Amino acid sequence: MLTTFKITNYRSIKELTLNFTFNEKRAPNGYQGLTRMPFIEDGGSRVVPCLALFGANAAGKSNIIRAIRTFLLLVQQKKIDVRKLYDPNRIITGGVSTRFEAEIIKSGQRYNYVIEYAADGILKETLIVNSRMIYSFNKEKLLFPAIKSSDPTYGHDKLARIHTVECCTSDNTAVYPFLPILGTDFGGLNPILSNAFTVFKDNVRVIFGDVNPSLLPFAIDTLQRMTRKTKEEVLQQVIEIVRKLDVDLLSLDITEYGGEHFNALQHPYDIVRHESPSGKEFGIMMHSKHQTDTGELIAFRFLECESEGTKRLT
């Protein structure tokens, strides 16, 4: 069971720790006879069976789920390049790396895993089991304090070679997390490592649905016809309404693309694809603008960067 999850510098989140533990000093009287247990217990630790997230729109609730989903991609699937998942906070400047820390308790065993990465690769990756450091990677240094170098089956020299070959680029930059590679392709090398991978792989799941993004452009067209105003005037009205609902959106731009310009757009979040009545395919690109903590304007791809609540509101 997942007991804690810490997020640093991911999307709108600067720093946040989720604590799933049952923090009441004592359990309710007669709790063992309750139909629904107030907590789940394992190895002396108690975790709540349900945790609700609540807050204002665009406060970062969806990004918490996205962070957990990104973390699971890194820890559960091999050969996931961290550089492609780097998505730091762009409003609060100064942060460089993204960091995820998770603790899982399974059958009385406590597993702690940390991964920190930036635009150019992995900066830190550690695995701790029952307060015992199993391995630690810090930039260019890799240590296996819990594994004997003399062991002919899974000594740390052999594991270090695997890390270099499987996790690093030709210039020796680590870009692929080590744990899922060990657990997937080299499970027989070390039972501690393979067990830890299984724990993180099998004990956390994320179910998350995105918003249908195709409604906004057509809503703008409808409002234009109804109000006989320009697109810019209608967009400004939408922005004013959204800002009243506690979303710090400065402006919103919608642009249609067709022909060669449409085919040149490769980013999956650039456009919403549509087909005209004549059968011609075209795309609609949406950008929103915000203000950073230093007062600079910054443009976001609306579909990629805005919260689920903001998409629904607009």
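This report describes the overall make-up, the salt bridges and the largest pocket of a predicted model.

**Overall make-up**

The protein is built from nine helices and 13 strands, and of its 314 residues 43% are buried. Among the contacts in the protein with a separation of 6 or more, 55% are accounted for by residues 24 or more positions apart. The accessible surface of the protein amounts to about 17,400 Å², and carbon and sulfur atoms hold 50% of that area.

**Salt bridges**

Across the whole structure, a search finds nine salt bridges. Three of the pairs are set out below, each with the distance between its closest N and O atoms or from N to O.

| Acidic residue | Basic residue | Distance |
|---|---|---|
| Aspartate 87 | Arginine 11 | 3.0 Å |
| Glutamate 103 | Arginine 110 | 2.9 Å |
| Aspartate 202 | Lysine 201 | 3.6 Å |

In the salt bridge between aspartate 87 and arginine 11, the closest N and O atoms are 3.0 Å apart. Aspartate 87 belongs to the loop between helix H1 (61–76) and strand S5 (98–106), while arginine 11 belongs to the loop between strand S1 (2–10) and strand S2 (13–19), so this pair ties together parts that lie 76 residues apart in sequence. Both aspartate 87 and arginine 11 are buried.

The salt bridge of glutamate 103 with arginine 110 joins two side chains at 2.9 Å, N to O. Glutamate 103 counts as buried because its relative accessibility is 12%, which falls under the 20% cut-off. Arginine 110, with a relative accessibility of 30%, counts as partly exposed.

In the salt bridge between lysine 201 and aspartate 202, whose closest N and O atoms are 3.6 Å apart, lysine 201 is partly exposed at a relative accessible area of 35%, and aspartate 202 is likewise partly exposed at 43% relative accessibility. Elsewhere, a network of salt bridges links Arg99, Glu101 and Glu116.

**The largest pocket**

Rolling a probe the size of a water molecule over the atoms shows where empty space is left. In this model, the largest pocket holds about 470 Å³ of space. It is lined by 23 residues, of which Ser12, Ala58, Ile91, His290 and Phe300 are the closest to the centre of the pocket. By residue class, the lining of the largest pocket consists of eight nonpolar, nine polar and six charged residues.

Note on methods. Residues numbered from 1 in each chain as written. Predicted model: local features only at pLDDT ≥ 70, side-chain atom pairs only at ≥ 80, totals over all residues. Heavy atoms only, no water. 1 Å grid on protein atoms, 1.4 Å probe; cavity = no way out; pocket = protein on both sides within 12 Å on 5 of 7 lines; lining within 4 Å. Points joined across faces, edges and corners; volume = space filled by probe spheres on them. Nonpolar A, V, L, I, M, F, W, Y, C, P; charged D, E, K, R; others polar. Helix = DSSP H or I, 4+ residues; strand = E, 2+ residues; numbered from the N terminus. Buried < 20%, exposed > 50% of the residue type's maximum accessible area, 1.4 Å probe, protein only. Contact = heavy atoms within 4.5 Å. Areas by Shrake-Rupley, 256 points an atom, 1.4 Å probe, with all protein chains shown as cover. Salt bridge = Lys/Arg side-chain N within 4 Å of Asp/Glu carboxyl O.
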